[in-house]
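Work through two short exercises on packing and pairing. Try each task before you read its solution.

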Amino acid sequence: MLIDGELTEAASGAAFDNHSPATGLLLGTTAAAGEQDMLRAIAAARRAFDDTRWSTDRALRRRCLEQLQLALETEKEQLRTELVAEVGCPVMTTQNAQLEWPLAEALRYPAGLIEEFAWERVLVGGGLFGDRNKRTVVQEPVGVVAAICPSNFPIEVILNKLGPALAAGNTVVLKPDPNTPWNATRLGRLIAEHTDFPPGVVNVVTTPSNDVAGLLATDPRVDLISFTGSTAVGRTLMRQGADTMKRTFLELGGKSALIVLDDAKPENALRSAVGVCVHAGQACAATSRMLVHRSMFDDMVAAVGAAFQAVPLGDPALPETLVGPVISAAQRARVLDASARAIRDGARLITGGGVPGNLPGHLAAGHFVEPTVFVTEDPELAIAQEEIFGPVLVVIPFADDDEAVRIANNSAFGLAGAVLSRSEERGMDIARRLRTGAVGVNGGMFYGADAPFGGYKNSGVGRQCGLEGFQQYLETKTIGFRMPRQS
């Protein structure tokens with residue numbers, strides 16, 4: 001771990017195992033922080049914020065982020081191999097959102113904002129003293145940020161939290177998911193060995209204990225919780241942080257809809273439908289509901305079923321693999337249980353629903369699930385309402401644009417969505433009516449370090465990335481100054 005500038009094991013000497021989700025084999029071990037370690041990290045972050053020049057020295061912040069960028073690039077290929085091993089993500093995904101995209105932008109964009117952002121603005125006049133009153137509005141860092149990250153896209157989320165939080169002048173305690181700790185500990189080592197970050201500015205604390213992690217939500221020295229993960233855990237963190245009035249950024253679950261209008265190209269619809277299979281469906285923004293116009297419904301269901309049967313599944317280290325394992329045995333059980341419940345509820349199974357039977361021997365203990373397609377006329381079924389986080393698609397018919405919007409918005413979530421239409425005007429009209437934080441029209445990509453991402457409703461609070469994501473790591477202060485009367 002990295003605590004107060006030192007690379008350290010847990011004070012107790014405890015460690016926990018890191019297993020490959022593809023093979024089930026032991027990859028190695030990681031330090032298992034206890035309460036003492038976490039409290040030390042929080043204290044270090046508090047001290048680094050309060051007693052060093054980190055929060056005020058913008059040149060230092062930019063230099064450190066640029067040093068970290070360079071260090072990450074020198075170990076990019078080792079990091080790629082490590083992600084495939086511990087995350088189980090297909091190596092093809094490291095060419096985009098798993099590694100290459102965040103490495104290209106996640107630190108560079110907020111580092112650039114250090115110079116470009118309007119840290120202060122002046123308001124002249126107003127109030128009791130009229131033109132003699134000058135007010136300065138100042139943007140300042142929040143303080144100590146607890147960055148709690150998931151297992152599905154770990155380095156992408158970590159970098160998109162650290163970049164703006166650090167660029168804004170905050171200090172950070174980073175707690176990675178215990179299923180995928182090594183990308184974070186690698187980052188900590190690079191910070192310690194190759195950058196000028198003052199001790200305590202970044203702390204990396206690994207632990208399998210929810211009680212130890214929970215200290216980040218209850219300790220009054222932590223000012224903001226930045227969490228990406230499930231809605232259930234997000235609610236818990238919000239409740240735990242309420243007593244100390246912590247600010248929260250929560251990027252949570254989704255049940256996003258892919259709307260295929262009656263003028264859409266079938267080949268584009270088929271390509272988009274298969275997207276839920278990428279990385280075994282472990283993406284919060286995955287379009288796991290496919291809404292198809294009735295005029296093309298039967299043909300589309302048949303085509304989607306055939307496509308899911310042909311999706312390359314297997315060893316994530318092979319370049320042709322699209323579907324790797326889910327992260328754990330427990331997650332596989334949840335996915336399989338959701339499929340079994342869908343059948344009991346009356347949804348029609350088109351393909352999948354179980355464990356692949358033709359895996360090579362070295363993958364026999366991996367956590368694989370068949371790409372699965374269900375069909376239902378009832379958008380209220382659990383399979384159409386609950387986030388599964390697996391390669392599972394439910395296809396639902398609609399009669400017209402208004403019904404498509406109603407079905408899409410009939411969800412507790414509101415993270416993302418997609419619309420396919422030959423008409424840009426029609427596609428954009430649907431996109432504007434969806435109650436979600438992001439929408440792709442005809443394959444348009446909303447992702448980027450400069451683009452805010454987050455959800456409506458139960459999909460979260462706040463935004464990651466973009467100017468909006470940068471500002472959520474800032475506090476606002478207004479200073480009034482009474483100028484002397486002119487003689």
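The exercises below use this predicted model.

**Exercise 1. Two helices**

Task: Describe how helix α2 and helix α7 pack, and which residues meet.

Solution:
- Step 1. Recall what to look for. Two packed helices are described by the angle between their axes and the distance between the axes.
- Step 2. Find both values. Helix α2 covers residues 58-74 and helix α7 covers residues 182-194. Their angle is about 120°, and their axes are 10 Å apart.
- Step 3. Classify the angle. Roughly perpendicular ends at 115 degrees, and roughly antiparallel needs over 145. Therefore α2 and α7 are oblique to each other.
- Step 4. Give the hand. The crossing of α2 and α7 is right-handed.
- Step 5. List the contact. From α2 come Q67, L68, A71 and L72. They meet L187, L190, I191 and H194 of α7.
- Step 6. Sort these residues. Six are nonpolar, two are polar and none is charged.

**Exercise 2. One strand and its partners**

Task: Is strand β16 mostly covered or exposed, and which strands pair with β16?

Solution:
- Step 1. Check the cover. Strand β16 spans residues 392-398 and is mostly covered: seven of its seven residues are buried.
- Step 2. Split the side chains. In a regular strand they alternate between the two faces of the sheet. In β16, V392, V394, I396 and F398 point one way. L393, V395 and P397 point the other way.
- Step 3. Take one partner. Strand β13 (residues 289-293) runs parallel to β16, joined by five bridges. Here H293 stands opposite F398.
- Step 4. Take another partner. Strand β15 (residues 372-375) pairs with β16 over four bridges, also in the parallel sense. V373 stands opposite L393 in β16.

Key. Residues are numbered from 1 along each chain as its sequence is written. This is a predicted model: local features need pLDDT of at least 70, side-chain atom pairs count only at pLDDT 80 or more; totals for chains, interfaces and linings use all residues. Side-chain values use heavy atoms; hydrogens and water are left out. Axes are lines fitted to C-alpha atoms, for helices over the stretch in contact, and angles run from 0 to 180 degrees between N-to-C directions. Angles under 35 degrees count as roughly parallel, over 145 as roughly antiparallel, 65 to 115 as roughly perpendicular and the rest as oblique. A crossing is left-handed if the near helix is turned anticlockwise from the far one by less than a right angle, and right-handed if clockwise. Contact means heavy atoms within 4.5 Å. Ala, Val, Leu, Ile, Met, Phe, Trp, Tyr, Cys and Pro count as nonpolar, Asp, Glu, Lys and Arg as charged, and the others, Gly among them, as polar. Buried means under 20% relative accessible area, exposed over 50%, partly exposed in between (1.4 Å probe, protein chains only). Two strands pair if DSSP finds at least two bridges between them.
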